[in-house]
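Shall we look at how a few labels are earned? Here is a short question-and-answer session for someone who likes to see the reasoning.

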Amino acid sequence: MKAEQITDPVAYHGEGPCWHRSWGGIRWVDMLAGDLLTLNAQGEVDRLHVGKVAAFVRPRSRGGYVVGLENTIGLATSAFSDPVPEPSFWSDTNLRFNEGGCDPWGNLYCGSMAYDRKEGAATLFRVSPSGEREKILPHVTTSNGIDFSPDGTRAYYNDTKLRRTDVFDVIDQRLINRRPFADSDGASPDGLTVDSAGNVWVAMNRHGKVRLYSPDAEVLAEIDLPVRLVTACTLGGPDFRTLYITTSRENLDDPEPEAGALFAAHVDVPGMPIAEYGG
């Protein structure tokens, strides 16, 4: 499989791609610029500024979207309206949201990290459709990709500092029995997505690739990119067979010319419609 560059290097720190019909296709974030980026029908990238940080974006089941802001989430009522921030999750100015995703029942999982990358300072939260907040994992360092198996019985998660992908069992909509799923061979596992066969696609930050694991953690394939900082991936397109991949040039003294561009690759196994936040 080969990834092709489909935009200019439009992001300083591209992250969190998400394909949804309500905004016309693929949307992602320029995280530290606080912008949502949307690839329009003309092949141009539209920007919507939402705050100091735009950590992730997911559609809402009632229309609009939920976005991770610096210390809270914001809710928008349409695909291109401004979000309204919810009350803050914390008061510590050294923390910010970093990544998030939804489960099949409409719950939002959103995780943080410290600006100074302090080990164990962050948390993975669960936000119910009614807005109730719960700390799922304390003492996280860099909360990153989270996604669920097609049957909803497994959840995959990256705390990048651990240099591995973990898996949970899901019982009664709860994450239990956390255990290692796959080692990253020294890479920094970042965003991830799960396809319709239960395979797990993981962005290998600093190693310039996306790795595909089977449900049994066998390495099935790798997609190499011309940039080191490969940050996240998602499956989308009309047939859900396009793997969109975000990249970054954050803190690079000598970034590659393509760093910050969006890439895409055609895959054999389709993805699934993105899970929506029920709130």
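What follows is a set of questions about cysteines and backbone angles in this predicted model.

Q: How do you know that Cys 18 is in no disulfide?
A: A disulfide needs two cysteine sulfur atoms within 2.5 Å. The structure holds zero disulfides. For Cys 18, the nearest cysteine sulfur belongs to Cys 102 and is 8.2 Å away, so the cut-off is not met.

Q: And what makes Cys 110 a cysteine in no disulfide?
A: The test is again a sulfur pair within 2.5 Å. The nearest cysteine sulfur to that of Cys 110 is also the one of Cys 102, at 9.1 Å, and therefore Cys 110 is in no disulfide either.

Q: Why is Cys 18 called buried?
A: Buried means under 20% relative accessible area. Cys 18 has 0% relative accessibility, so the label fits.

Q: Does Cys 110 count as buried or exposed?
A: Buried, because its relative accessibility is 0%.

Q: Why is Asp 172 called exposed?
A: Exposed means over 50% relative accessible area. Asp 172 reaches 70%, so it counts as exposed. This residue sits in the loop between strand E16 (164-171) and strand E17 (174-183), and has a positive phi of about 55 degrees although it is not a glycine.

Q: What makes Asn 177 partly exposed?
A: That label covers values between the 20% and 50% cut-offs. Asn 177 has a relative accessible area of 46%, so it belongs there. Asn 177 lies in strand E17, and its phi is positive, about 55 degrees, although Asn 177 is not a glycine.

Technical notes. Residues numbered from 1 in each chain as written. Predicted model: local features only at pLDDT ≥ 70, side-chain atom pairs only at ≥ 80, totals over all residues. Heavy atoms only, no water. Buried < 20%, exposed > 50% of the residue type's maximum accessible area, 1.4 Å probe, protein only. Helix = DSSP H or I, 4+ residues; strand = E, 2+ residues; numbered from the N terminus.
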